[in-house]
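Here is a two-chain model to go through by question and answer. Look it over before reading on.

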Amino acid sequence: MEHEKDKNHSLCSHCQSSAYAQLDLVLDELKDTPGNLIIILQKAQEIFGYLPRDVIRRIATATGHTQAKIFGVVTFYAQFRLAPIGKYLILLCQGTACHVSGSLAVEKAICGELGIKDKETTPDNLFTLNNVACLGCCSLAPVLMIKTEDSEETYGNLTPDSAIELLDEIRRKEGLI
Amino acid sequence: MKILVGQGSCGIASGAKKTAALFSEKIKAHHLDIPVGVTGCLGLCYLEPIVDIYDDEENMTRYTLVKPEMVAEIFESHILNNTPLYSKVISPSGQAFLEKQTRIALKNCGIINPEEITDYIRSGGYSALRKALAEFTPAEICNLISDSGLRGRGGGGFPTGRKWQQVRTQTESVKYVVCNADEGDPGAFMDRSIMEGDPHKMLEGMIIAGIATGAKEGYIYVRAEYPLAVHRLRIALSQAKESGFLGKNILGSGLDFDIQINLGAGAFVCGEGSALTASIEGQRGMPRVKPPRTVEKGLFEKPTVLNNVETFANVPEIVNIGAEKFKEIGTPNNSGTKAFALTGNISNTGLIEVPMGTTLRTIIFDIGGGVKNGKAFKAVQIGGPSGGCLTSTHLDLPLDFDSLERVGAMIGSGGLVVMDEDTCMVSIARFFMNFTQEESCGKCVPCREGTHIMLELLDDIVEARATEMTIASLLDLGDTIGATALCGLGKTAPNPVISTITQFKDEYLAHVVDGVCPTGQCQAYRKYIVSEEKCVGCGLCRKVCPVHAIIGSTKKTHTIDTKKCIRCHSCVPSCKFDAIEVI
């Protein structure tokens, strides 16, 4: 199918209507389960990549929670996003072991290379950088995880140079360099 | 014959999937029938990827650091010519790393295939559940756990049996068992390893807790950052259900117990009991005032047993060997073992499990192989952002709940981050305060505002704006926050600061009084000077300096105006004669 980018949304109009259909299935299944809200939000984010205003509105109508309450929950947890992210999400570990092994230098290198800061996305929508507390691979510190729609890869024992090489590898794969 | 490749998160990050795939390829190409299986993390993270080859008599040869390019050699020698490749098998020091441990919770990790329930059953799994159902009443199970002296492994150290007993005696008909798998302490990954390497053991512990307390439903609250653990838990749950260990009428006993998984959404405070249950209920994860305690009003306002992964993973062993045998491990009042994650500047990074009361010296030097790169040991940070620092004077201190409390530290969930002589203790304290400050949920003022101010004060020290008063204010504020914050996160937030000030007062004073960072880590204290002997006056440094702080004319020694210098370090790599020195 030809994907047509809509100016205001990260999904094309075809994908968008199917995404809303998926969301409705989730809501039908879970709307009356106690403690449903976080699970619904997690599934909605899986479908849309982030939580657009319209989605929050639709969840509010279906579950009976106020939009304000949902917004409160969304902004409380680090996992939820109110803006779309790049194709490759870089989760850079800033845990203790990574910190003492030089994660700050790695962050500096990545930020310098991409021209973005923590929680920002590159203008070409390729990379988003998120600092995270701990990925639990402390023995390989410093570590980062690169997430795409269908994969999660962890890379360890990073240096500023190897981190940039990693970014270049992705750019090569994308045919950008 | 069979081949097992360690595929925990760290093994996979070291390339274990590729190694496993190459073995499968070779086997197929030679038309052999040798299964290549998955196993969890053995704890030898520094030797990953690890490959175990079993012969038909179940004798195992263990290869370490098996990078994909080594597969061909091992395959040809071991599989085709039946001669183990001794140069690549585990080294004596790697073997010693394993042999010096006592493993209960991690016993099967890295040995069995976590995705096959039959592997777990073959290693004695679910026998404790059968025994609990056949030989004990619920009250007797609670007594057994009490008698064993098992204390919560998540950090608090509350007696597990007493907690179960309190839930069992509640009159409410609906009760819950909740497993805290929200292992948020940076530097701790034992729970992840258990879930990835032996998920059934923890499930068995939870089912026994359900039977003992009369709960019919269990929840596992696990971090979303642990996708592999979630994947293996899901497999384990469905296999346990198919085999009749979980669900309706467990093993024909007439008792029901089911477990569901809830993914955490990334909030450190949700490791706190009342915040965790609020999060499962779909709320903001904010702690509430206690009492009522979780055992009385926990999840959905019902009596709730809340234990962490490692605690549940100890339960089957206690049921199998009995309270007395379990108590023989460890020290009085601190029975059993504790898993620790060894990380930081240490030679052998990984996961270990040792009897309670083992000394720091044994852990760091005998098992961990000492400090990396031959540097001197400075301190070890224990218990994450709630814990404290231990120094060389504590090397012979037995690590257990009570001894650590006496020196102002805590076992926490068991992260041990080793720091060498080059680590600045002020910036470590700042690192932890930055973490707790960001993770504060904002409900109570002492934590929300107090941690923020403490961070500002630490910034003052790191950025060379502080005086001796700053240290006094830190201690004063730390006391107040510790006494008045609502939950554990706030109460313990000042610990890393107070403990580093107590243990490394001189280092703090060096910063604020002498204007020196003894380790040279704090940028604001660095001074850049040009060596008269080495400088040839080429002027390259002058050109790169963004603030024109370097002065001098061509072919004459240059100088740096320290008042203008912003310590950006740009000049150092620009000099071809190493003439710029940092002091």
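**Sheet, domains and interface**

Student: What kind of model is this, and in which sense do strand 3 and strand 4 of chain A pair?

Tutor: The model is predicted. Strand 3 of chain A covers residues 144-147. Strand 3 and strand 4 of chain A share 4 bridges, and within them A:Ile146 is matched with A:Glu153 of strand 4. The sense of the pairing is antiparallel.

Student: In what order do the strands of this open sheet in chain A lie?

Tutor: The sheet has 4 strands with mixed pairing. Strand 2 (127-132) and strand 4 (152-155) of chain A each pair on one side only, as edge strands. Ignoring direction, neighbouring strands are turned by 20° against each other on average. The order is 2-1-3-4.

Student: What distance separates the centres of domain 1 and domain 2 of chain A?

Tutor: Domain 1 of chain A spans 13-76, and domain 2 of chain A spans 88-173. Taken over C-alpha atoms, their centres are separated by 29 Å.

Student: Which element of chain B gives the most residues to the side that touches chain A?

Tutor: The contact takes 33 residues from chain A and 43 residues from chain B. Elements of chain B that give two or more residues include helix 12 (273-280), strand 11 (337-344) and helix 17 (425-439). The most, 4 residues, come from helix 1 of chain B.

Student: How many residues on that side of chain B are nonpolar?

Tutor: Sorted by class, the side of chain B that touches chain A has 17 polar and 5 charged residues. The number of nonpolar residues there is 21.

Notes
Residues numbered from 1 in each chain as written. Chains lettered and ligands numbered in written order. Predicted model: local features only at pLDDT ≥ 70, side-chain atom pairs only at ≥ 80, totals over all residues. Pairing = 2+ DSSP bridges. Axes fitted to C-alpha atoms, helices over the stretch in contact; angles between N-to-C directions. Domains from an automatic or database assignment. Contact = placed C-beta atoms within 7 Å. Nonpolar A, V, L, I, M, F, W, Y, C, P; charged D, E, K, R; others polar.
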